[in-house]
Each structure stands twice: as C-alpha cells, then as structure tokens.
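Reader: Hi! I've just opened this one and would love a quick tour. Can we start with the packing?

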Amino acid sequence: MAMAPEPLKVAVLLSGSGTNLQAIIDAVADDGLPIDIVQVVSSRPGVAGIGRAERAGIPVLALEPADYADPEAADARIVEALQAAGAEYAVMAGYMRKVTPLLLRAFPDRVVNLHPALLPSFKGAHAIDDAWEAGVKVTGVTVHFANEEYDKGPIIAQRAVEVREGDTRDSLEERIHAVEHQLYPEVLRALAEGRVAVGPDRKVRIAS
C-alpha cells in the first residue's frame with residue numbers, strides 16, 4: 001500500500017478576500033489535499049483573507065502599503081518569515097505585488113502564481129476586464145511559476161472558461177473564480193506528490 005505523501009509546506013501570499021486561500025484550506029480539510037499552510041502573507045492590513053487565515057490558525061504577516069516603497073526590503077521580510085516557518089513553496093493567491101528577484105532566488109521554481117486568464121493573453125492586473133472588453137469567446141485560468149517577467153513564467157496548468165451568451169462581466173468573473181478554486185488545489189496536489197517538473201526547455205511536465 002502506497003504511503004501518503006508528507007504534506008507540502010507552503011506559504012500563501014494574498015492581498016484581498018482570500019477566497020483561493022479558503023479553497024485550499026477547504027481542500028485540505030475535505031479532500032485530503034497534502035498541504036500544510038505554514039504562513040500567510042498579506043500585502044495589506046485588514047483584508048478578509050487575514051481573517052480566513054486567523055480562523056484556520058495560520059500565522060499571518062500583514063504588511064502596509066508603505067512597506068513596499070522599497071520592494072526588496074519588503075520581500076526580504078517575506079523571505080525571512082517564509083523560511084522561519086519552513087515553507088517550501090510560496091503560493092500567490094490574489095497577491096497584487098510583483099515579486100522581486102530576492103524572493104525568486106530564495107524559492108527557485110517554487111513561487112507559484114494564479115492568473116485569471118489564459119496566458120500569454122491578458123497579462124496584468126486587469127485580466128478579466130481586458131478579456132471582457134476584448135469580446136473573446138473563451139478565457140480561463142492559468143497557474144504558472146513566477147519569474148522576473150510579469151505573468152510570463154513556465155505554465156503549469158490552464159483551464160478554459162467559456163464566455164456565454166447572456167454573461168455579464170460579474171457572472172464571468174464568478175465562474176472564473178469557481179474554476180480557480182478547483183484548479184489551484186489540483187496543481188498543489190501535483191506539486192505535493194512530486195509530479196511537477198520544469199524541463200531544460202523551461203516547459204512544465206506533470207506526471208499522471
């Protein structure tokens with residue numbers, strides 16, 4: 001009988017409501033996702049994601065917007081907290097700050113980001129709005145490794161979301177978030193089970 005994998009220790013970085021953090025917490029509790037969230041970092045104080053972390057008993061580091069006046073100093077604080085917590089991966093879930101090389105060097109190919117579009121289309125902070133305004137018929141969700149180029153790291157997984165007749169911008173966003181809440185735990189499970197590899201060509205392969 002195969003032994004269950006040791007939980008993968010991750011830190012979750014967020015900036016707002018923390019619904020993807022909650023999806024990961026729920027997948028751990030309900031579906032046996034082998035993840036241990038050892039630290040949450042918020043780029044802003046007082047957001048709902050902090051409350052979700054605190055209710056789950058997860059330590060929180062909450063930064064102030066002024067802390068990012070020096071982005072590398074902010075990332076140095078984050079790296080220190082993540083390493084002290086024993087985090088193996090940094091998992092960005094609605095984290096609205098571009099990470100610096102300092103964080104990327106501390107966690108090489110272990111900084112994961114979630115983007116609400118099918119990269120390389122609709123990069124940036126307004127992906128849902130941009131896709132909606134472009135009138136595309138299909139958009140989606142991308143999970144990728146972060147690198148020094150914004151929204152351009154190796155893609156781990158993608159899932160399409162159809163833009164339906166009768167959709168509003170808000171109904172489309174709601175369905176994109178629902179897909180995020182499914183796809184991110186699936187990717188984290190693959191990472192925890194050691195099934196994700198970045199090849200010499202910088203393309204990601206996931207073993208079944």
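Reader: Which residues is I37 in contact with, leaving aside its neighbours within four places in sequence?

Author: Happy to help! Bear in mind that this is a predicted model. With those neighbours set aside, I37 touches V10, V12, L21, I24, I25 and I58.

Reader: Nice. And how many residues are in the largest nonpolar core?

Author: There are 41 residues in that core, and I37 is one of those with the most contacts inside it, along with V12, I24, I35 and L191. Helix 6 (residues 169-192) supplies the largest share of the core, 10 residues. Another core lies apart from it, with 22 residues, including V41, L82, V99 and L103.

Reader: OK, on to the sheet. What's the strand order?

Author: The order is 3-2-1-4-5-6-7, in an open sheet of 7 strands with mixed pairing. At the edges are strand 3 (60-62) and strand 7 (155-162), each pairing on one side only. From one strand to the next, the twist averages 20°.

Reader: How does strand 2 pair with strand 3, parallel or antiparallel?

Author: Parallel: strand 2 (residues 35-42) and strand 3 are joined over 3 bridges. Within that pairing, V41 is opposite L61 in strand 3.

Reader: Which strands does helix 1 lie across?

Author: Helix 1 (residues 19-31) lies across strand 1 (8-14), strand 2, strand 4 (89-92) and strand 5 (111-115), and runs at about 165° to strand 2.

Reader: Changing topic: how many aromatic pairs turn up?

Author: The search of the whole structure gives 0.

Reader: And where does the charged end of R97 sit?

Author: Over the ring of Y68, 4.2 Å from the ring centre.

Key: Residues are numbered from 1 along each chain as its sequence is written. This is a predicted model: local features need pLDDT of at least 70, side-chain atom pairs count only at pLDDT 80 or more; totals for chains, interfaces and linings use all residues. Side-chain values use heavy atoms; hydrogens and water are left out. Rings of Phe, Tyr and Trp (its six-membered ring) pair if their centres lie within 6.5 Å; planes under 30 degrees apart count as stacked, over 60 as edge-to-face and the rest as tilted. A charge sits over a ring if NZ of Lys or CZ of Arg is within 6 Å of the ring centre and within 35 degrees of the ring normal. Two strands pair if DSSP finds at least two bridges between them. Helices (H or I, at least four residues) and strands (E, at least two) are DSSP runs, numbered from the N terminus. Axes are lines fitted to C-alpha atoms, for helices over the stretch in contact, and angles run from 0 to 180 degrees between N-to-C directions. Contact means heavy atoms within 4.5 Å. A nonpolar core is a set of buried Ala, Val, Leu, Ile, Met, Phe, Trp, Tyr and Cys residues joined through side-chain atoms within 4.5 Å. Buried means under 20% relative accessible area, exposed over 50%, partly exposed in between (1.4 Å probe, protein chains only).
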